[in-house]
Amino acid sequence: MKESENIGETLYSWAKDLFPICRSITGPGVRDTLKYLKNIIPELQIHSVPSGTKAFDWVVPDEWVIRNAYIEDESGNRIVDIKENNLHVVGYSVAIDAWMSLSNLEKHLYSLEDQPTAIPYVTSYYNRNWGFCLAHEQRLSLRDEQYHVVIDAELKKGVMNYGEIVIKGESSEEILLSTYICHPSMANNELSGPVVTTGIAQWISSLEARRYTYRIIFIPETIGSIVYISQHEEHLKRHTSAGYVITCIGDDRAYSFLPSRKGNTLADRAAEYVLNNYIDEYSRYTYLERGSDERQYCSPNINLPVCSVMRSKYGTYPEYHTSLDDLSLISPDGLRGGFNVIKKIIKVLEFNHFYKGNTSCEPQMGKRGLYPDISVKNSSGYDEANVILNILAYADGCHDLVQIAEIIEEDFFIVHDVARRLVTHGILEKQ
Amino acid sequence: MKESENIGETLYSWAKDLFPICRSITGPGVRDTLKYLKNIIPELQIHSVPSGTKAFDWVVPDEWVIRNAYIEDESGNRIVDIKENNLHVVGYSVAIDAWMSLSNLEKHLYSLEDQPTAIPYVTSYYNRNWGFCLAHEQRLSLRDEQYHVVIDAELKKGVMNYGEIVIKGESSEEILLSTYICHPSMANNELSGPVVTTGIAQWISSLEARRYTYRIIFIPETIGSIVYISQHEEHLKRHTSAGYVITCIGDDRAYSFLPSRKGNTLADRAAEYVLNNYIDEYSRYTYLERGSDERQYCSPNINLPVCSVMRSKYGTYPEYHTSLDDLSLISPDGLRGGFNVIKKIIKVLEFNHFYKGNTSCEPQMGKRGLYPDISVKNSSGYDEANVILNILAYADGCHDLVQIAEIIEEDFFIVHDVARRLVTHGILEKQ
Amino acid sequence: MKESENIGETLYSWAKDLFPICRSITGPGVRDTLKYLKNIIPELQIHSVPSGTKAFDWVVPDEWVIRNAYIEDESGNRIVDIKENNLHVVGYSVAIDAWMSLSNLEKHLYSLEDQPTAIPYVTSYYNRNWGFCLAHEQRLSLRDEQYHVVIDAELKKGVMNYGEIVIKGESSEEILLSTYICHPSMANNELSGPVVTTGIAQWISSLEARRYTYRIIFIPETIGSIVYISQHEEHLKRHTSAGYVITCIGDDRAYSFLPSRKGNTLADRAAEYVLNNYIDEYSRYTYLERGSDERQYCSPNINLPVCSVMRSKYGTYPEYHTSLDDLSLISPDGLRGGFNVIKKIIKVLEFNHFYKGNTSCEPQMGKRGLYPDISVKNSSGYDEANVILNILAYADGCHDLVQIAEIIEEDFFIVHDVARRLVTHGILEKQ
């Protein structure tokens, strides 16, 4: 994939294809999603972890297969039907086939009084139960009669799947990108995450060279990251230089930043540099407002440098976790904006070395054509020369390029270009 | 003593009983005061340090016995009489029995021009002298005649007394409470100090268990703390986790905080947490405004974590160091408020452990009933679960509970209750 | 030289004498300048470094001798003549003797459109070239005719000169003062620098005793400091406690501070203390606005604690680097102000020891006459006693006197006097 104006359209078309799939934390929906992504980026490895596998305090749950789910009224009308919207069934519902009164059915219905047209997204992963979700206005219209409730579902030993791409770089130091693939038909949270991450993975693969190794994973939220961490704990702790949870990155209403627990890690600094310098406005949340897999990556005994750059953050927009978070909420423009921010952060990370001058005092720039030959006050040659001198002044092996760019108030990429030029001139060395 | 609504009345009644005693840094007044307190709390040990004992740069002074002190005019009227107010005699006055003119007497009179009705509190501990203190308006009314000046006092080898209670706890780490008992009839500065400290000592004794050992001392100011430190220097340095000078804690006009020299010690942090969170408003002074025994405890070569929580701080209210600082200035409410702040600080210290999670990643809270079974957005179960998750997020063995409460903006005692519950659930460990 | 009201006049008279000399980074002008200064302060050693000597990335350039330079018009009028103003010739111009058209001449003319009456100061040290500088209004009046262009100059193997005074103190720790002597007839930038530095050197020499050794150098800017550092690198790194570049210190429009690269070094702290406390107002620049020899002293691999205290900083005033920076721009008052600031900084450095109390707890001040005998509230004796107690409270061997003065908000020199008195009393020790 080449970087192009069309990246937004491409990402949006993937989201459109993936939207109808009924995902949960396990089962065919996850597999279908991963297969679709593997078609785009064949390096994607699809892994299976058996039900019952222990992961720290957790156990991989049984696999959930949902075949059908509907409610029929006495006249045989299917008033709620998973075929119309797969949010209608509570995730991980057990099977049922029974007639019951409205009052008994009510105990298994979920709706949102303050969003009467929205079908809420409800799950019950770790407690066996069943239920239906529907618009509150529909719920109010239900007559007091008998209903035929059918959920054709199965919870059985099986596997939890996840996808993984490792793209080797010059260094064994890694950048971790983590996104999730466990929500049924919702767009900003969640499809924006896997499609932007897939686009980024393609772009990273297409680079001629990479400084870092990239570990990119597509997992079910929470249980997926816990299992992944439990199986790669030492490796992640030793090699992760920076990481990002990629989610809620497809609408065009906002940009958002959620720091790592430690804060001010390389991951945070690169992300905040890009947001501060290339984005007009963004919301900065605190770690107390976290809500995705950074909860696991940053947990005290794991403590990785992982933060999250989003567009409209989960929990902050009204359509969140309802049927209103559909394909109309995200847009090619929104996805492209998110994609470009992640890409810029990665560029910053790739270029963000420590440098050190290899002479004492300032080098003689004039003899290298880096300084005006003639010293006249206010002449323009000084601006460029000053950037060079300022970089040399702080390139002491203790400030990385992001810090130097911030101190000298010069664009990071200009600072990087100049630093590389100074390496060529033999007056600066990459540490 | 049980914690009760009546604690204020009790403390006030003790102050009332102690008010008439003519205290100084040594002598019968100190002994009578300590005996009164020992009746309330029999664990109080009364110690005697002989005059002439060296303590760092200081020497315990001779004991002062004051039997009578008055000024008679030519008509035989006792116009100034220690029996009316024991502030009338300058502390540590030497004996005198002589007739003299008003102009000679004037050299030994002390009054306050700007507080004409107040008898000032004056001492001359380390320079042999004599004098009388009186209201400025009375002084102005003195006729130019001969006066009979009588001070029946003695300065002799004797002892300096102080009281000490050590209440053992589970740990040999100690909390130091220090108050003084060397001022004659004054209420906020000083009787509020020893009565609140005695109430606190009773309450600590009544606890079923204590984490810390409590070292509670009743000393004459300055010389008392210097002598005490000189005789317990290594012990105090090794064992003192936090300490408080308890003084000026009986009126109801203000709360005040004076930090330790180092600042931000455990003592400071616990006190400031309580003041910031449970007191509407308080004045924060700097260590430059110190004036009591923290001068000794915090001196550079001693350097203990000792600060001071007061109501109206010494030197800041007009009645300070005059006869106007009497029983009408303090109140049961004022004393109870001071008592409760000290008690709350001690509770914070008792509970303020470091905790650490004993699993990696978040624990599975659902299986322990700590998380809503059904995930529906905006449901109330999340608030409680979030407190738990936030505590787990910062319980990394590096943040104590006060710090966690501040970071997650949740009440310390709720944080403590939750932490204890999580220990019961086996997902958190006390360090 | 005695410290006197006349110091400003004296410094101004030296500047007046030095003004006509045609200085450059090498050559007779530098030697004449150094000889003049050696007459004032005979300790000045004049050193010679041969052309071609290597210094880090640099090489000492050939020596420039300028004997004459003028432009004649067809009528034989000398329209531009170095004899009128030695800024008329571009520094390091090579020799020329030729007739040329105005359009050819124009390529070698320098003027300032927005300062039409000023002759700019232009140099071409490291690129062989020639040129003339003139007022823009004169340039516009040149007719289109032939001009006779004469520069009688020579670039030849020779030496680069600099001056050095080392005044021994009790300690081998050094204060570095660095000023430059390479600009032709300009006053604030540059003659104010060497004349104030010479005055300071005289004053330091006249002191009965000195704590520090003073290393005072008069060098051509940039190449001079680079050569000096390259020949004294280990010594400077081991012994320099603080250093100052002295330049632009003769007008009376402003005071300015430019910090060292590291910031907050002893040099910075002493300078900022003096500016904050004894100067009404000053401009604080950042290290990004540097422009003189601190560029070399603070360069990452040298990293000395060197900052700069100026009056109107180079580059910030309109007359900078033009013929308008003449003797009318500086004044006796301006020079005296600059001299006094540097002197005060040096006094602060001389006195700025670490002290530590040699008793535990507060000493008994009363027996030493340092505390009021009689304790009466609000009496004036406490103010003085409080200064003593505050010094003792922070004299912990970790805070130097500047820090103590700042913490206790008391004048540094009072703090110093009191500290010395306390040493006499045997209660404080100099570390």
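Colleague: Is the crossing of H5(A) and H9(A) left-handed or right-handed?
Modeller: The crossing of H5(A) and H9(A) is right-handed (the near helix is turned clockwise from the far one by less than a right angle). This is a predicted model, in which local features need pLDDT of at least 70 and side-chain atom pairs pLDDT 80 or more, while totals for chains, interfaces and linings use all residues. Residues are numbered from 1 along each chain as its sequence is written, with chains lettered from A and ligands numbered from 1 in the order written.

Colleague: At what angle do the axes of H5(A) and H9(A) cross?
Modeller: Helix H5 (187-206) and helix H9 (332-351) of chain A cross at roughly 50°, their axes coming within 10 Å. H5(A) is therefore oblique to H9(A) (neither under 35, over 145, nor 65 to 115 degrees).

Colleague: Which residues of H5(A) and H9(A) make the contact?
Modeller: H5(A) contributes Ser192(A), Val195(A), Val196(A), Gly199(A), Ile200(A) and Trp203(A) (contact: C-beta atoms, placed from the backbone, within 7 Å). From H9(A) come Leu335(A), Gly338(A), Phe339(A), Ile342(A) and Lys343(A).

Colleague: Turning to chain C, what is the strand order of the open sheet?
Modeller: The order of the 3 strands is E18-E17-E19, with antiparallel pairing (at least two DSSP bridges between two strands). E18 (396-400) and E19 (428-430) of chain C are the edge strands, each pairing on one side only.

Colleague: How many bridges join E17 to E19(C)?
Modeller: Strand E17 (354-357) of chain C is joined to E19(C) by 3 bridges. Lys356(C) has Glu429(C) as its bridge partner in E19(C).

Colleague: And how many residues of chain B are in contact with chain A?
Modeller: Chain B has 20 residues in contact with 24 of chain A. Strand E17 (354-357) and helix H10 (381-394) of chain B each supply at least two residues of that side.

Key
Helices (H or I, at least four residues) and strands (E, at least two) are DSSP runs, numbered from the N terminus. Two residues are in contact if their C-beta atoms, placed from the backbone, lie within 7 Å. Axes are lines fitted to C-alpha atoms, for helices over the stretch in contact, and angles run from 0 to 180 degrees between N-to-C directions.
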